[in-house]
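User: Could you take a close look at one part of this model for me, the first strand and the strands it pairs with? I would enjoy one connected walk-through.

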Amino acid sequence: MAKRIDVKDLDIYYGSFRAVRSVSMTIQPRAVTALIGPSGCGKSTYLRALNRMHELIPSARVEGKVVMDDQDLYAPGMDPVDVRKHVGMVFQRPNPFPTMSIYDNVAAGLRLNNKRLRKSETDEVVEESLRGANLWEEVKDRLRKPGSGLSGGQQQRLCIARAIAVRPDVLLMDEPCSALDPISTHAVEDLMAQLKENYTIVIVTHNMQQAARVSNYTGFFNIAGTGQPGELVEIDETPTIFSTPTHTATEEYISGRFG
Amino acid sequence: MSTTTSPPTPTESVEPPNGTKSLVRGTLPRWASWGALGAAAVLAGLIVRLLGFGVTPFVLSTAVLYAIGISGWSRWVEGGRKATDRAFTALVASAFLLALTPLVSVVVTVISRGLDRFDGQFFTYSMRGVVGDGGGAYHAIMGTLITSGLATLMSVPIGLATAIYLVEYGHGRLSRAITFFVDVMTGIPSIVAGLFAYALFALVFGPGTVNGFAGAVALSVLMIPIVVRSSEEMLKIVPDDLREAAFALGTPKWKVIVRVVLPTAVAGISTGVTLAIARVVGETAPLLIATGATGSTNFNPFSGQMATLSVFSYYEYASPGVPVDPSLDRAWTAALTLMLIVMVLNLVARSISLLFAPKAGR
């Protein structure tokens, strides 16, 4: 659990278009790393490259290395399906499976990955994951009801429970709170603070207060102009980025004087 | 009326100084539509009575008078935009009623003429050895169920697999070609499908091979494009979010399709399949060529001609026996039975989509 990721000279392409240019960073275990930057600068693309989700778009490809625990995720012969078992993901919009109950949603990862578990074991994992996502008390009496009947914030926490039920090493979150109200956002942020005890968390956010509140490290992505690739400007400990960043572009973005 | 049409003197005094007009307009009373319709009907009745015409001119002149009357009245009281709205509402409603007329007419005719022989004998007897009165369509009902059932068994796997390929896998030239040919297949006249099946079986099993299975092949040629199209649309509207969520759990692609995408779309797919069955169950021309017709019951689709409801109805009507009436009655009852089968299929489609639809209970 909780592995460190070393990214080296990562270039991400869509066809011949280079979307992200030579990103190198180390993502620390048991910590929250926040990625901030203007829209279209490649944060989400970069995040999706970390568990090879961007490959679902035809013509997308990657050059460079993403090393997790001495294993290059992009080594030839590395199965993307296996990578995703170790690097889970939570999306911008809550996306519980509409045909499944709350219980089945959480158990979906186990069942879809063909793990033969006894009923009691599945029960245990479901309860543990829901407790881990701070949702157990709210849904324990209606586990058999459809997940789509929950509120937006509860759905997002259900998705987090579903992601941690397969026990990944790393949890990627792509703007997990942008569709949520402040109270649900608060619940998810509290959850992140708890989860980082056991997981490596990378979060993309447009909300700089959120980045300042929840993260230990912050990386700032920027883009030179339309049609240019996005690149990592700098990454450092969050207090440093928000008080004394090295680059003026970072300072301007954070203080709101950008563009 | 008096309050809405009288000049609004008090409001003029409170008009804003910059000269903008009051936003309050006159409105017709709530009963305006029905009142105008009644008036139009009375007026049309008088005219038609004076000139001595029948029902159709009465209905037509009622519609025209109503459209003119309501829009004129509205233009006088409510102004141009609402008058146009009322005129077009009248137009759209008339078009709807016009489209409904043949449907109602067919239903009423088939029911009233088909009920004569809608009895136990019709559903339990074949036409073997029947001359004149009596007899039934048991053999034809069974033949219709067998041929349509076989066609469904062949079309659904092929059609669904094609749709899955088009939505989940195909991106290049091949998928564009498949889409094109599916569109072309949709437009094949059903008689051509029948000739195709007849020619195919003549080539493989020798000339004159006519049996239930050949008919099923002809029907599935008609059915596959419908299944592909409807399933494709249903798979397309499954949100990509769900596929991504499943992929992010480390699920292989085939399992994402089988366990997440298909269950989410199953309501729409089964509705589409049922409607495709309803579409081919009443086909006559291809079955006439490929399946033939017989008076006796034949459960074996691979040997011998087989009767089907539509062909049965056609033959009873086209070449009736010596007292004509029993044959015509059987033809109408066969048509009624076919209509009931299609209606039951549509109800089944409805309940399936209700049953499988993702629920949002709390």
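Analyst: Happy to! Let me start with a term: two strands count as paired if DSSP finds at least two bridges between them. Please keep in mind that this is a predicted model.

With that in hand, take strand β1 (residues 5-14) of chain A. Its pairing with strand β2 (residues 17-27) of chain A is antiparallel and runs over seven bridges. To find your way along this pair, look for Asp6(A), whose bridge partner in β2(A) is Thr26(A). β1(A) and β2(A) form a hairpin, with two residues between them. In that turn sits Gly15(A), which has a positive phi of about 65°.

Now to another partner of the same strand. β1(A) is also joined to strand β4 (residues 60-68) of chain A, by eight bridges, and these two strands run antiparallel as well. Here a handy landmark is Val7(A), which stands opposite Val66(A) in β4(A). As a general point for reading such a sheet, side chains in a regular strand alternate between the two faces.

Finally, the setting. Chain A has 10 helices and 10 strands. Its radius of gyration is 18 Å, close to the 18 Å that the globule rule gives for 259 residues, so chain A is as compact as a globular protein of that length. The C-alpha trace spans about 55 × 45 × 30 Å along its principal axes. Of the 259 residues, 47% count as buried. Among contacts in chain A with a separation of 6 or more, 70% are between residues 24 or more positions apart.

How values were computed: Residues are numbered from 1 along each chain as its sequence is written. Chains are lettered from A and ligands numbered from 1 in the order in which they are written. This is a predicted model: local features need pLDDT of at least 70, side-chain atom pairs count only at pLDDT 80 or more; totals for chains, interfaces and linings use all residues. Helices (H or I, at least four residues) and strands (E, at least two) are DSSP runs, numbered from the N terminus. The radius of gyration is taken over C-alpha atoms; the globule rule is 2.2 Å times the number of residues to the power 0.38. A residue is buried if 20 or more other C-beta atoms lie within 10 Å of its own, exposed if 12 or fewer, and partly exposed in between; C-beta atoms are placed from the backbone. Two residues are in contact if their C-beta atoms, placed from the backbone, lie within 7 Å.
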